[in-house]
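The report below accompanies a sequence and its model, and is meant to be read with both in view. It goes from the overall layout to individual elements and residues.

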Amino acid sequence: MKNRINQLLEEVNQLVATNQEELEALRIKYLSKKGLISELFNDFRNVANEEKREVGQLLNELKNSAQDKINEIKEAFNSSSSSENKTDLTRTADPLKLGTRHPLSLVKHEIIEIFSRIGFTIAEGPEIEDDWHVFGALNFPPEHPARDMQDTFFIEQNPDVLLRTHTSSVQSRVMAKQKPPIRMIFPGRVYRNEAISYRAHCFFHQVEGLYIDKDVSFADLKQALMYFAKEMFGENTDIRLRPSYFPFTEPSAEMDISCNICGGKGCPFCKHTGWVEILGCGMVDPNVLENCGIDSKVYSGYAFGMGVERITNLKYQVKDLRMFSENDVRFLEQFKSAY
Ligand code: DAH
């Protein structure tokens, strides 16, 4: 018995395993219930009484050595695999996730870019406005029904403090401060008290354009807008102007572009008309020029205003306006661009 124990002791001290499976096989061989060491413990009953003490000690020594050796190998595995993780400098780095620009920012920048190529600079104005800059100066008389076209949010029950309903308010601010020639665009957020649905929201974005100088004509307006439409939607895009009404322009028009999905042949998107509306425009009403201190006998000008959501919708076929403000990264991640 003693010989057998000593033999196993020697064996156990020289155990090696190159992977977890081998290690487990060793554990089973020596330490499991039916393992070699347990067998010896079973045989212990048959050891003569006077030897029991010595053999018992030896047996315990064997068991502990086997246990220690196996633990030692196990620890070597663990520490070598974790130190590998820390020090493997050749491992490929985790890819950094790049953010993307919001589709409305992309389109806003593209609009700015296009107009800057034909000499328009940018100005911005406040979102919290007064009645004069949003309505009064722009030729909306008090109680005029045209004010109902734009469902206004008022602040603190004071009808003179309101959230601007259109970026045309920046026109009145710029014209009051600056002498013509003025050739500017005004991008910004606007607010209207509308029920939120797939086609309306209580806030959205516009880009307003204004050109005031001597002898500005409707032909100039048409030319600038045609340039914009072709740059934004492609060389083959056609435009058409339909007569319309805005208090601050006379004459006024709404502009359609040939449907950029079916190329003007007619499809469900353009309701089979071949045209889609993109903006309002017109010649600045002389009353507006006078309200802002510009001599309407010397100067004339044009203005236009477009919804950024509308242009984005046409460019990227986003049918539901609400997606723009939901911050769903699955939606936002689809917009990759150089802008
Ligand atoms: N302000 C108008 C709106 O929000 C859009 C607009 C129409 C702006 C005609 C203009 C314009 O400058 O000339 O519906």
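How far apart do the C-alpha centres of domain 1 and domain 2 lie? In this predicted model, the C-alpha centres of the two domains are separated by 85 Å. The domain assignment of the chain places domain 1 at residues 2-83 and domain 2 at residues 103-338.

**Helix H4 and Lys-69**

Helix H4 covers residues 49-87, and Lys-69 is one of the residues that it holds. Lys-69 has a relative accessible area of 15%, and because buried means under 20% relative accessible area, Lys-69 counts as buried. Apart from residues up to four places away in sequence, Lys-69 touches Val-12, Asn-13 and Leu-15.

**Paired strands**

Several strands pair in the antiparallel sense, and the table gives three of these pairings together with the number of bridges in each.

| Strand pair | Sense | Bridges |
|---|---|---|
| S5 and S6 | antiparallel | ten bridges |
| S6 and S10 | antiparallel | eight bridges |
| S9 and S10 | antiparallel | five bridges |

Strand S6 thus takes part in a pairing with S5 and in another with S10, while S10 also pairs with strand S9, which spans residues 275-284. Individual bridges can be located in the model: Arg-183 has Tyr-211 in S6 as its bridge partner, and Gly-282 is partnered by Ala-303 in S10. Two further bridges reach S10, where Gln-206 is matched with Gly-307 and Asp-213 is matched with Ser-300. Both S6 and S10 are mostly covered, with nine of the eleven residues of S6 buried and six of the eight residues of S10 buried.

**Helix H7 and what it packs against**

Helix H7, residues 168-177, is likewise mostly covered, since seven of its ten residues are buried. The buried residues of H7 are Ser-168, Ser-169, Val-170, Gln-171, Ser-172, Val-174 and Met-175. They pack against strands S2 (128-130), S5 (182-191), S6 (203-213) and S10 (300-307), and also against helices H6 (131-134) and H9 (286-291). Strands S5 and S6, which are joined by ten bridges, are therefore both among the elements that the buried part of H7 meets.

**Helices H8 and H10**

Two packed helices are described by the angle between their axes and the distance between the axes. Helix H8 (residues 218-233) packs with helix H10 (residues 308-316) at an angle of about 45°, and their axes are 11 Å apart. This angle makes H8 oblique to H10. The residues that meet are Phe-228, Met-232 and Phe-233 from H8 and Ile-311, Leu-314 and Lys-315 from H10. Sorted by class, the contact of H8 with H10 has five nonpolar residues, one charged residue and no polar residues.

**Asp-151 in its loop**

Is Asp-151 buried or exposed, or does it fall in between? Asp-151, which lies in the loop between H6 and strand S3 (154-155), is partly exposed, with a relative accessible area of 33%. Leaving out neighbours within four places in sequence, Asp-151 is in contact with Thr-165, Tyr-191, Arg-192, Asn-193 and Glu-194. Of these contacts, Glu-194 is 43 residues away from Asp-151 along the chain, and the C-alpha atoms of the two residues are separated by 6.9 Å.

Methods
Residues numbered from 1 in each chain as written. Predicted model: local features only at pLDDT ≥ 70, side-chain atom pairs only at ≥ 80, totals over all residues. Heavy atoms only, no water. Helix = DSSP H or I, 4+ residues; strand = E, 2+ residues; numbered from the N terminus. Buried < 20%, exposed > 50% of the residue type's maximum accessible area, 1.4 Å probe, protein only. Contact = heavy atoms within 4.5 Å. Domains from an automatic or database assignment. Axes fitted to C-alpha atoms, helices over the stretch in contact; angles between N-to-C directions. Parallel < 35°, antiparallel > 145°, perpendicular 65-115°, else oblique. Nonpolar A, V, L, I, M, F, W, Y, C, P; charged D, E, K, R; others polar. Pairing = 2+ DSSP bridges.
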